[in-house]
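I opened the notebook to go through one model, helix packing before nucleic acid. The entries follow in the order in which I looked things up.

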Protein chains: 2
Amino acid sequence: MIGKSVLTRHQELVYRHLTGSEKALSAYDLLDALRGEGLRAPVQVYRALGKLIDHGLIHRIESLNAFVACTHEGHQGAAGFAICDACGEVEEFPLPDHLAPIDHWAAGRAFRVEHTTVELRGRCQTCR
Amino acid sequence: MIGKSVLTRHQELVYRHLTGSEKALSAYDLLDALRGEGLRAPVQVYRALGKLIDHGLIHRIESLNAFVACTHEGHQGAAGFAICDACGEVEEFPLPDHLAPIDHWAAGRAFRVEHTTVELRGRCQTCR
DNA sequence: CGATGCATGTTATACCATTACGAACCCGAG
DNA sequence: CTCGGGTTCGTAATGGTATAACATGCATCG
Ligand SMILES: [Zn+2]
Ligand SMILES: [Zn+2]
Ligand SMILES: [Zn+2]
Ligand SMILES: [Zn+2]
């Protein structure tokens, strides 16, 4: 049956809008921006966001309750984010497969890591 | 003047409740638990949580929108958290002063890191 | 005393996210 | 073709998280 590689209309709208933004956007930011395109209710945005996350095309920024388009090359592997508290810019960076001190701790506790969140808050080069 | 080492009544109530819990508690969990002690509105809980965070006695778990008591020895340095998605237990672990790959990235971009969030989601030893 | 600072109390509001239910649509099995 | 099942879409309602605005009490200090 082949994968479902194409996006639905709503997913496409949300994804396009995120790729055009330097900052993370909240679901309600997206809703406000896309009302003219036919999106009317939060649940529609959240549905699109959920699928896009499943597909690995976007990431959720936990400390902002907001979302960014993925800028990985190849959209693979885990990522961390650097968030400028002054201008709001979010930059994604690849996480190495193993962060030694963390892996070591997890192995010692027999904790099985399924997802890793790394978010740096601070000042970007132009705002420091 | 002397230091502000003591907690106010509300801060003490919130802190004691958090130290007694294995899991992270939301502000509203705390509110419900402490209504009998005189806390009545969310803002009172958030005020206490804010001060406790300033004092380094508790931490916010971004991916849960909830809070845990600090279990550092000495309450100093940065921390990461391992969160079991099955039982909810949260374990704090010390972050080394320098996570080499991340530091390297930040240095290369001239990003000044002011706060680091590291949260591992997965299964604890007893739930895996 | 009056001024300052800080903790507190109360109400209201804003912001974030999901549940529930039904209609429309696509597509493959029979 | 017709009947499913699966996915998307629309709408309404609700639940959970966080802050704004403003008033009051109370200690300290000049
Ligand atoms: Zn990515
Ligand atoms: Zn900046
Ligand atoms: Zn700690
Ligand atoms: Zn567990």
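At what angle do the axes of helix α2 and α3 of chain B cross, and within what distance do they come? I found a crossing at roughly 115°, with the axes of α2(B), residues 27-34, and α3(B) coming within 9 Å. I noted that the model is predicted, that local features need pLDDT of at least 70 and side-chain atom pairs pLDDT 80 or more, and that totals for chains, interfaces and linings use all residues. Residues are numbered from 1 along each chain as its sequence is written, chains are lettered from A and ligands numbered from 1 in the order in which they are written, and side-chain values use heavy atoms, without hydrogens and water.

Terms for the helices. Helices are DSSP runs of H or I with at least four residues, numbered from the N terminus. Axes are lines fitted to C-alpha atoms over the stretch in contact, and angles run from 0 to 180 degrees between N-to-C directions.

Helix pair in chain B. α2(B) and α3(B) are therefore roughly perpendicular to each other (angles of 65 to 115 degrees count as such). I recorded the crossing of α2(B) and α3(B) as right-handed (the near helix is turned clockwise from the far one by less than a right angle). I then listed the contact (heavy atoms within 4.5 Å): α2(B) brings Ala27(B), Tyr28(B), Leu30(B) and Leu31(B), and α3(B) brings Pro42(B), Val45(B), Tyr46(B) and Leu49(B). By class, the contact of α2(B) with α3(B) has eight nonpolar residues, no polar and no charged. Here Ala, Val, Leu, Ile, Met, Phe, Trp, Tyr, Cys and Pro count as nonpolar, Asp, Glu, Lys and Arg as charged, and the others, Gly among them, as polar.

Helix pair in chain A. I looked up α1(A) with α2(A), residues 27-34, and found an angle of about 105° with the axes 11 Å apart. That makes α1(A) roughly perpendicular to α2(A). Leu13(A), Val14(A), His17(A) and Leu18(A) of α1(A) meet Leu30(A), Ala33(A) and Leu34(A) of α2(A). The contact of α1(A) with α2(A) divides into six nonpolar, one polar and no charged.

DNA strand D. I counted as near any residue with a heavy atom within 4 Å of the strand. There are 15 residues around DNA strand D, the closest being His10(A), Gln44(A), Arg47(A), Tyr28(B) and Arg60(B). Sugar and phosphate make up 45% of the strand D atoms within 4 Å of the protein. For polar contacts I took pairs of N or O atoms within 3.5 Å. Gln44(A) has a side-chain N or O atom 2.7 Å from a phosphate oxygen of strand D, and Arg60(B) has a polar side-chain atom 2.3 Å from a phosphate oxygen. Arg47(A) instead places a polar side-chain atom 2.7 Å from a base nitrogen. α3(A) gives the most to this surface, with four residues.

DNA strand C. Which residues are closest to DNA strand C? Tyr28(A), Arg60(A), His10(B), Gln44(B) and Arg47(B) are, among the 15 that surround it. Sugar or phosphate holds 47% of the strand C atoms within 4 Å of the protein, and bases hold the rest. A side-chain N or O atom of Tyr28(A) is 2.9 Å from a base nitrogen of strand C. A polar side-chain atom of His10(B) lies 2.6 Å from a phosphate oxygen of strand C. The largest share of the surface near strand C, four residues, comes from α3(B).

Definitions and conventions. A polar contact is a pair of N or O atoms within 3.5 Å; within protein, one must be able to donate a hydrogen and the other to accept it, and residues adjacent in sequence count only if both atoms are side-chain atoms. Helices (H or I, at least four residues) and strands (E, at least two) are DSSP runs, numbered from the N terminus. Angles under 35 degrees count as roughly parallel, over 145 as roughly antiparallel, 65 to 115 as roughly perpendicular and the rest as oblique.
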